[in-house]
Amino acid sequence: MDRRGFLALSSAFAALPFAARTAVPLNVVATTGMIADTVSRIGGAHVAVTGLMGAGVDPHAYRQTRSDIVAMTRADLVFWHGLFLEAQMESFFDKLAARQPVVAVTDQLEAAMRDGGDGVLIKSKDYEDAFDPHIWMDPTLWSQVADRIEAALAEEQPEAAGDFAANADKFRAEAAAIKSFGQQALAQIPKRARLLVTAHDAFSYFGRAFDMDVIGVQGISTESEAGLHRISELVELLVERDIEAIFVESSVSDRNMRALIEGAAAKGHDLRLGGELYSDAMGPAGTYEGTYLGMMDHNITTIARALGADVPQRGLNGRLGVDG
């Protein structure tokens with residue numbers, strides 16, 4: 001490079017905002033895809049995010065690998081969910097937090113509940129003195145997680161706080177639009193049919209947010225089992241309410257759902273699979289469904305269409321089934 005080119009490059013560099021010239025992207029590790037995507041949206045160019053759990057991975061049973069441990073110990077900031085979601089990793093995070101910044105994105109919500117808060121968390125049906133961890137199923141609650149992520153990023157990189165705030169505002173607005181779409185779409189389902197039956201109990205917050213009855217064949221944790229008596233009870237309910245569709249989940253075996261269909265058929269009732277929902281993991285990387293907002297758009301659209309609502313096949317943003 002000649003002297004004129006060097007001076008031009010130097011002038012261009014000097015014209016950049018101070019943060020753009022000096023800030024090195026934060027090396028961030030996140031456990032679930034929902035957290036990783038939200039951190040990426042809020043952090044923008046100021047973060048480099050590694051997600052540990054990809055499409056189809058069950059966080060309830062996930063254990064950290066050797067490469068996960070290396071990635072987390074080298075990270076500037078580690079985000080995990082909490083509320084006993086990553087049950088097999090909790091002791092590891094307790095130890096890691098003694099040496100570097102580690103944030104459970106639900107910690108403030110849980111603390112508020114334990115201090116006599118406003119009851120936004122649902123009590124766990126599986127564990128005493130615990131809460132249902134699946135709060136991403138309500139975009140309003142997940143927006144509070146976005147607040148927590150924004151604050152944690154700003155604490156580590158204060159010079160980028162303005163960018164984090166702007167990105168978080170945009171994310172919350174899009175989450176609110178998804179929730180409004182869900183409320184309008186799912187309200188079309190006839191009252192009799194407003195029953196969401198899925199593989200495990202991951203949709204309680206979804207049901208509360210969108211005024212639907214929700215039943216998971218298994219409990220909140222995928223480690224629980226559904227016995228024959230449970231299957232028989234659910235078959236009776238499905239036949240009684242004349243439910244036409246039930247749903248499988250991307251991260252849970254469909255064995256119990258097939259048993260429900262067979263049981264209903266034995267009673268002369270036509271029950272079908274209404275589609276696959278994303279519960280504990282998002283869709284494939286590089287797809288719209290592989291983002292938090294796309295995951296929710298997919299779930300709302302799939303449930304609404306299967307249970308009788310008239311909504312666009314490609315969802316709110318016309319992007320379902322489209323890469324990127």
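In the predicted model, Val 29 has Val 78 of strand E3 as its bridge partner. This pair belongs to the contact between strand E1 (residues 26-30) and strand E3 (residues 77-80), which pair in the parallel sense over three bridges. Strands of a sheet pair through backbone hydrogen bonds, either parallel or antiparallel.

E1 and E3 are part of an open sheet of four strands, arranged in the order E2-E1-E3-E4 with parallel pairing. The edges of this sheet are formed by strand E2 (47-51) and strand E4 (102-104), each of which pairs on one side only. From one strand to the next, the twist averages 20°. Helix H7, comprising residues 139-156, lies across E1, E2, E3 and E4. Relative to E3, helix H7 runs at about 170°.

Further along the chain, strand E5 (195-200) is mostly covered, with six of its six residues buried. E5 runs parallel to strand E6 (213-218), and five bridges join the two strands. Within this pairing, the bridge partner of His 200 is Gln 218 in E6. Together with helix H9 (residues 204-210), E5 and E6 make a β-α-β unit, which is right-handed.

Helix H10 consists of 13 residues (residues 228-240). At 1.5 Å a residue, this helix should span 18 Å, and the end C-alpha atoms of H10 are indeed 18 Å apart, so the expected and modelled values agree. The buried residues of H10 are Ile 231, Leu 234, Val 235 and Leu 238. Because these residues cover an arc of only 105° around the axis, they are placed on the same side of H10. On the other side of the helix, His 229 and Glu 240 are exposed.

The buried residues of H10 pack against several elements, namely E5, E6, strand E7 (245-249) and helix H11 (255-266). The partners of H10 thus include E5 and E6, the two strands of the right-handed unit that also contains H9. After H10 comes Asp 242, for which phi is positive, near 55°.

Conventions: Residues numbered from 1 in each chain as written. Predicted model: local features only at pLDDT ≥ 70, side-chain atom pairs only at ≥ 80, totals over all residues. Heavy atoms only, no water. Pairing = 2+ DSSP bridges. Axes fitted to C-alpha atoms, helices over the stretch in contact; angles between N-to-C directions. Contact = heavy atoms within 4.5 Å. Expected span 1.5 Å × (residues − 1). Buried < 20%, exposed > 50% of the residue type's maximum accessible area, 1.4 Å probe, protein only. Arc of directions from axis to C-beta. Right-handed = clockwise from strand over helix to strand, strands pointing away.
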